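Please work through the exercises below with the sequence and the model at hand. Each task is followed by a solution in steps.

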Amino acid sequence: MALIFPTIRVFYEVHGIDISHYQGIINWDKLLHNKEAKFPIHFIFMKATEGGDYGDETFVENFSQARKYGFIRGAYHYFLPKTDAHKQADFFISTVHLSKGDLPPVLDVETTGKRSPQELKSAVKNLARQSRGALRRKTDSLHFL
């Protein structure tokens with residue numbers, strides 16, 4: 001079982017981690033004990049989707065376990081510049097089911113995919129706009145940035 005703790009910055013009052021299939025099987029009991037540490041983890045973001053058709057195979061289990069173990073949870077989408085933004089938004093929206101108390105969704109943009117800055121900005125804005133609108137309709141009690 002894997003559990004990776006990032007370097008925790010002591011000047012932040014609230015700490016969280018990001019997990020995906022790369023961390024393997026999470027030892028949730030061990031992670032729960034971290035809540036008693038000097039710098040406890042309060043929230044966890046989990047990778048839900050990537051591009052237009054890849055769902056992280058650990059997302060459903062991790063998302064459920066985070067809630068069960070009392071962590072504030074959030075989901076993120078890993079953006080692929082070469083994949084249509086609308087297709088990515090649709091896939092994220094159909095995969096993620098947020099509940100009251102969950103963190104707003106996050107878009108992880110790490111590569112440009114040889115797109116111009118303007119093309120990348122436009123694609124990201126389109127995906128964010130479409131996702132935000134659809135997720136608001138699905139979960140009208142949530143607040144989005």
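The exercises proceed from the whole chain to single residues.

The model is predicted: local features need pLDDT of at least 70, side-chain atom pairs count only at pLDDT 80 or more, and totals for chains, interfaces and linings use all residues. Residues are numbered from 1 along each chain as its sequence is written, and side-chain values use heavy atoms, with hydrogens and water left out.

**Exercise 1. Describe the secondary structure and the burial of the chain.**

Step 1. Helices (H or I, at least four residues) and strands (E, at least two) are DSSP runs, numbered from the N terminus. The chain has 4 helices and 5 strands.

Step 2. Along the sequence, these elements follow the pattern β-α-β-β-α-β-α-β-α.

Step 3. Buried means under 20% relative accessible area, exposed over 50%, and partly exposed in between (1.4 Å probe, protein chains only). Of the 145 residues in the chain, 39% are buried.

**Exercise 2. Identify the largest nonpolar core and the elements that supply it.**

Step 1. A nonpolar core is a set of buried Ala, Val, Leu, Ile, Met, Phe, Trp, Tyr and Cys residues joined through side-chain atoms within 4.5 Å. The largest one has 18 residues, and those with the most contacts inside it are Trp28, Leu31, Ile44 and Phe71.

Step 2. At least two residues of this core come from each of β1 (15–19), α1 (28–33), β2 (41–50) and α2. The most is given by β2, with 4 residues.

Step 3. Another core, of 8 residues, lies apart from it; Ala85, Leu120, Ala123 and Ala134 are among its members.

**Exercise 3. Examine the ring pair of Trp28 and Phe71.**

Step 1. Rings of Phe, Tyr and Trp (its six-membered ring) pair if their centres lie within 6.5 Å; planes under 30 degrees apart count as stacked, over 60 as edge-to-face and the rest as tilted. The whole structure holds 4 aromatic pairs.

Step 2. The ring centres of Trp28 and Phe71 are 6.2 Å apart and their planes stand at 55 degrees, so this pair is tilted.

Step 3. Trp28 belongs to helix α1 and Phe71 to the loop between α2 and β4 (72–78), 43 residues apart.

Step 4. Trp28 is buried, with a relative accessible area of 5%, and Phe71 is buried at 3%. Ring pairs join Trp28, Tyr69 and Phe71 into a cluster.

Step 5. A charge sits over a ring if NZ of Lys or CZ of Arg is within 6 Å of the ring centre and within 35 degrees of the ring normal. The charged end of Lys35 sits over the ring of Phe71, 4.5 Å from its centre.

**Exercise 4. Locate Leu103 and list its contacts.**

Step 1. Leu103 lies in the loop between α3 and β5. With 22% relative accessibility, Leu103 counts as partly exposed.

Step 2. Contact means heavy atoms within 4.5 Å. Leaving aside neighbours within four places in sequence, Leu103 contacts Phe43, Phe45, Ile72, Arg73, Gly74 and Leu98.

Step 3. Leu103 and Ile72 are 31 residues apart in sequence, while their C-alpha atoms are 7.1 Å apart in space.

**Exercise 5. State what is notable about the backbone of Lys114.**

Step 1. Most residues other than glycine have a negative phi.

Step 2. Lys114 is not a glycine, although its phi is positive, at about 65 degrees.

Step 3. Lys114 lies in the loop between β5 (106–108) and α4 (117–138), and counts as exposed at 81% relative accessibility.
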